[in-house]
Amino acid sequence: MKKRVYYGGAVANSQYEGGFKYKSLDSQDLRMYAKRSSDATLNTRLLSRDDFLKAKENDNHKLFPFRNGVEGYEFVDTDLELIKELGLDIYRFSINWARIFKSVDGMEINEDGVEYYDKIFTFLFQNNIKVFLMMNHFCYPVDFIEKYDGFKNRKSIDLYLKYAEFVFNRWGQYIDYFVPFNEINAGYFSPYNGLGLLKEKEGYNLSDIFQSLHHQFVISAKVIKLAREMKLKAKAGAMASCFCYYPYSCRPEDNLKYIKDEQTYQWFYFDVLARGTYPSYMNRFFDENNIKFNILSEDLEILKENSADFVSFSYYQSSVSSVEEREFTAGNLVATIKNPYLKATSWGWQIDPIGLRITLNKIYDRYQKPVIISENGLGYRDILENGTINDDYRIEYLQTHFAQIEEALKDGVDLIAYIMWGIIDIVSAGSIEMEKRYGVVYVDLDNNGNGTYQRIKKKSFEWYKNYIKNNKGV
Ligand code: BG6
């Protein structure tokens with residue numbers, strides 16, 4: 001029997017919405033644009049306590065690109081019509097906690113924010129577009145960080161549950177797929193974005209990071225439990241970023257390094273959430289790095305009883321493991337060794353469609369649960385010429401990746417959906433700039449916050465639209 005994968009698109013609240021004055025202050029509002037001398041993604045995902053406090057007082061909004069995003073708050077009607085015209089099967093978006101609650105520990109609702117999401121959910125429902133809800137995408141109310149130290153505090157479990165309860169009560173009927181945390185492994189590499197932890201003068205403490213991650217695991221399981229108790233139709237997922245490591249050589253040491261890299265950087269997170277247990281290989285890692293944190297016995301039960309229905313991942317590049325010093329290049333969340341067989345984007349992310357097929361096979365083999373590619377796409381410096389963007393490079397990127405998806409389906413992978421990242425151009429999460437564009441829709445806005453925000457269809461818009469229309473399955 002033929003299998004037809006849903007093809008979709010995604011945005012994330014802080015990178016897209018703007019509408020700063022209609023909500024409470026959130027963690028992404030405080031990340032400042034910094035002009036860089038190279039394209040490689042720098043460590044702009046971390047925020048020190050000093051920067052955080054200064055940013056809170058700074059009302060020069062143009063310096064803080066996430067405050068305006070691409071004005072998705074103002075342009076939501078236009079954008080929803082574009083999504084409909086594109087014929088997406090599934091749309092991924094996220095809710096901003098700080099847009100629906102006036103404070104993190106009060107119960108006062110911001111009606112205006114709730115109505116904004118009402119509009120999106122009902123439009124998608126009426127137009128038969130499936131909803132993939134990312135419940136949290138790197139974005140926390142500022143008082144969650146100031147009062148509670150983010151997810152380091154066990155109280156975060158109750159606070160998040162209160163938020164989740166509101167979301168499910170209000171919009172549960174519309175949700176087809178949900179994931180409690182975007183790229184949950186990001187907390188390890190980017191503790192501010194992933195966990196709401198501020199960088200102190202002495203840097204980050206690994207025990208704090210793993211304590212916070214543990215709380216996010218428990219939250220994920222409790223949110224899944226809640227959805228099941230409420231008898232929502234929605235399927236619950238886990239998500240992490242996948243880096244597809246290759247050993248640099250057939251030297252045994254390189255192979256061992258490759259296994260360890262994948263375990264610590266990606267499998268650990270899925271193992272806890274999709275298998276419901278802490279994997280034994282992490283004990284050695286915790287011991288060797290002197291990582292100590294609290295796990296209650298009731299937490300282990302909750303995890304065991306409430307594992308995810310599906311496994312989803314972001315994929316932008318493959319990576320290389322070696323025990324020797326070699327030349328590095330940038331990548332999503334992690335830098336990696338250069339692979340001589342691959343070309344990279346201007347930002348150094350190594351383009352590898354076969355790596356996507358490999359990742360799909362590995363994930364499905366390991367968990368035997370349905371899979372969703374919840375993020376993939378090409379970040380490129382698009383040029384607007386004669387009123388259009390001839391992004392043949394993006395079409396080629398999509399074509400080659402989609403061909404590998406078809407191969408993976410033939411390999412027997414149970415893939416539910418492919419979701420293209422940044423379907424409408426949005427602010428880059430890693431480098432906080434506008435120039436790195438992923439969309440099939442161009443937004444007239446530059447790195448310094450200048451532009452009309454006008455939406456312009458790129459050449460890839462028509463191409464993706466036809467691909468979805470003609471997709472009869474494999
Ligand atoms: C993922 C994030 O890590 O990568 C997205 O979930 C992000 O928020 C995407 O936008 C691409 O990264 P960047 O840095 O190019 O925006």
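This is a walk through a predicted model, starting at the ligand and moving outward through a strand, a helix residue and the salt bridges.

Let us begin where a bench biochemist might look first. The ligand is surrounded by 15 residues, and those that come nearest are Gln 15, Glu 183, Glu 375, Lys 436 and Tyr 438. Sorted by class, the shell is made up of 5 nonpolar, 6 polar and 4 charged residues. If you zoom in on the oxygen atoms of the ligand, you can pick out contacts from side chains and from the backbone. Asn 182 places a polar side-chain atom 2.9 Å from an oxygen atom of the ligand, and Trp 421 does so with a polar side-chain atom at 3.0 Å. Gly 430 contributes through its backbone instead, with an N or O atom 2.8 Å from a ligand oxygen. How much of the ligand's exposed area does the protein bury? Taken alone, the ligand exposes 370 Å², and the protein buries 100% of that.

Next, turn to strand β1, which spans residues 6-10. This strand is mostly covered, with 4 of its 5 residues buried. It has two strand partners to find. With strand β12 (residues 415-420), β1 pairs in the parallel sense over 4 bridges; to see this pairing, look at Tyr 6, which stands opposite Ala 417 in β12. With strand β2 (residues 90-94), β1 also pairs in the parallel sense, here over 3 bridges. Gly 8 is a handy marker for this pairing, as its bridge partner in β2 is Ile 90. As you trace the strands, it helps to remember that side chains in a regular strand alternate between the two faces of the sheet.

Now for a helix. Asn 169 sits in helix α8, which covers residues 155-171. Is Asn 169 buried or exposed? Its relative accessible area is 57%, so Asn 169 counts as exposed. Leu 232 lies 63 residues away along the chain, yet the C-alpha atoms of Asn 169 and Leu 232 are separated by 9.7 Å.

Finally, consider the charged pairs. The structure holds 38 salt bridges, and a few of them make good stops on the tour. Lys 102 forms one with Glu 108, where the closest N and O atoms are 3.3 Å apart. At 43% relative accessibility, Lys 102 is partly exposed.

Another salt bridge joins Asp 208 to Lys 152, with 3.7 Å between the closest N and O atoms. This pair links distant parts of the chain: Asp 208 belongs to helix α11 (residues 206-229), while Lys 152 is in the loop between α7 (142-148) and α8, 56 residues apart. Asp 208 is partly exposed at 25% relative accessibility, and Lys 152 is also partly exposed, at 32%.

For a pair within one helix, look at Glu 288 and Arg 284, whose side chains meet in a salt bridge at 2.8 Å, N to O. Glu 288 and Arg 284 are separated by about one helical turn, because they are 4 residues apart in helix α13 (residues 281-288). Both Glu 288 and Arg 284 are exposed. Elsewhere, salt bridges that share partners build one network out of Asp 382, Asp 391, Arg 394, Asp 425, Arg 437 and Lys 458.

Notes: Residues are numbered from 1 along each chain as its sequence is written. This is a predicted model: local features need pLDDT of at least 70, side-chain atom pairs count only at pLDDT 80 or more; totals for chains, interfaces and linings use all residues. Side-chain values use heavy atoms; hydrogens and water are left out. A residue is near a molecule or strand if one of its heavy atoms lies within 4 Å of it. A polar contact is a pair of N or O atoms within 3.5 Å; within protein, one must be able to donate a hydrogen and the other to accept it, and residues adjacent in sequence count only if both atoms are side-chain atoms. Accessible areas come from the Shrake-Rupley method with a 1.4 Å probe; for residues, only the protein chains shown count as cover. Ala, Val, Leu, Ile, Met, Phe, Trp, Tyr, Cys and Pro count as nonpolar, Asp, Glu, Lys and Arg as charged, and the others, Gly among them, as polar. Buried means under 20% relative accessible area, exposed over 50%, partly exposed in between (1.4 Å probe, protein chains only). A salt bridge is a side-chain nitrogen of Lys or Arg within 4 Å of a carboxyl oxygen of Asp or Glu. Two strands pair if DSSP finds at least two bridges between them.
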